[in-house]
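Colleague: Could you take a close look at one helix-to-helix contact for me, and then walk me through the salt bridges as well? I would love a connected account that I can follow with the model open beside me.

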Amino acid sequence: MKKSKLVLGAAALLALSVAVAGCGGDDKKAEQGTKGEVMVYTSIYPDIIDNMCKPSLAKAFPNMKVNWFQGGTEKVITKITGEIKAEKIGADLLMVADPSYYLKLDEKGLLLPYVSKESDKVIADKDDKGAWHAVRISNMIIAYNSDKLKAEDAPKSWKDLLDPKWKGKIAMPNPLLSGTAYVFAGALSDKYGWEYFDQLKANDIRVEEGNSAIQNKLLTGEYAAAVILEENILKLANTKKEPLKVVYPEDGVVNVPSPIAIFKSTKNVEGSKALVDWWLSKEGQEAVVKGWMHSVRGDIAAPTGAPETKTIVENRIKVDWNRLANNNAEIKEEFRKRVME
């Protein structure tokens, strides 16, 4: 298999500390001249698409229609898998959470190499030949309800979730349905072995369909703590003033640099390239941050309430993306047998 680089170097980590807010206005005439239709398959939450993506793109590309298919990463992958078999891919662009999936698509020759004009500004992960660029950074963290639990009593690490005092009171999203949860399962099984998940099972961890279900049960107090996406908690804490708090585990967050890519089968090459450029521009990355995710550029501040991206990624758990790409079914089955049976 061709191996794409999914590693941040020291220079990139340093650059991530730069936080200068602003919106780009380059090449507006070129954007406005882009025409036709583009279909985007994505796992970005529907409210972010409706409130951030659609208005911004309508303004940037008044002469182009951008269509969306939204679903969890695994739902989108299932759709694409069927379309690949039928040799009728409906997407022009793909924006789902699991980076390892892009490695498999690239290996099959399904992605259009395009080194974006914004590529040199992207200090997160990207393919050397432009088959994909990281477009948003999500983090799997631990969260708790501060109305139900004092900060000093909350779990401080992934290992802390194994404490018997949390028996039946913790949860995580389902790796069989969620791309970020799949990355979490792969990363933690690498770091601590599958025995870690045996211990979580023994501690009666609950597996929910996705992150949204977990956040709601954290609010009601059904769960004392949970594995969840940082962006879910930041959004609720800052926009709804909900008493949910983020713990950045001492043994490392699971950092997910989710990519954007163009399918070779696209019927609107120029429109697709223009969208990639926009998403990687300052303007596009400002939209990403407004969606409570971290930017892949070094000149955009972290989301409100989050530490500098550099601080988070310096202590992230190492992820073997090629293992996740080549052993997807095996990893999911191992998790299912150990935790869900």
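Modeller: Happy to! In this predicted model, the contact brings N211, S212, Q215, L218 and L219 of α8 up against N232, I233 and L236 of α9. Sorted by type, the residues of this contact come out as 4 nonpolar, 4 polar and no charged. As for the geometry, helix α8 covers residues 211–220 and helix α9 covers residues 230–239, and the two pack at an angle of about 45° with their axes 10 Å apart. That angle makes α8 oblique to α9. The crossing of α8 past α9 is right-handed.

Now for the salt bridges, of which a search of the whole structure finds 20. A good one to begin with is the pair E208 and K217, whose side chains meet at 2.8 Å, N to O. The two partners sit in different accessibility classes: E208 counts as buried because its relative accessibility is 13%, below the 20% cut-off, whereas K217, with a relative accessible area of 26%, is partly exposed. Elsewhere, salt bridges with shared partners link E118, K282, R297 and D299 into one network.

Next, please turn to D190 and R323, which form a salt bridge with their closest N and O atoms 3.1 Å apart. D190 belongs to helix α6 (residues 179–192) and R323 to helix α13 (residues 321–326), so this pair ties together parts that are 133 residues apart in sequence. Here D190 is partly exposed at 37% relative accessibility, while R323 is buried, its relative accessible area being 18%.

Last comes a pair within one helix. The side chains of K104 and E107 form a salt bridge at 2.9 Å, N to O. Both residues lie in helix α5 (residues 99–107), and because they are 3 residues apart there, about one helical turn separates them. K104 is partly exposed, with a relative accessibility of 23%, and E107 is partly exposed too, at a relative accessible area of 33%.

To bring the picture together for your viewer session: the contact of α8 with α9 has no charged residues, the salt bridge of D190 with R323 ties α6 to α13, and the one between K104 and E107 stays inside α5.

Methods. Residues numbered from 1 in each chain as written. Predicted model: local features only at pLDDT ≥ 70, side-chain atom pairs only at ≥ 80, totals over all residues. Heavy atoms only, no water. Salt bridge = Lys/Arg side-chain N within 4 Å of Asp/Glu carboxyl O. Helix = DSSP H or I, 4+ residues; strand = E, 2+ residues; numbered from the N terminus. Buried < 20%, exposed > 50% of the residue type's maximum accessible area, 1.4 Å probe, protein only. Axes fitted to C-alpha atoms, helices over the stretch in contact; angles between N-to-C directions. Parallel < 35°, antiparallel > 145°, perpendicular 65-115°, else oblique. Left-handed = near helix turned anticlockwise from the far one by under 90°. Contact = heavy atoms within 4.5 Å. Nonpolar A, V, L, I, M, F, W, Y, C, P; charged D, E, K, R; others polar.
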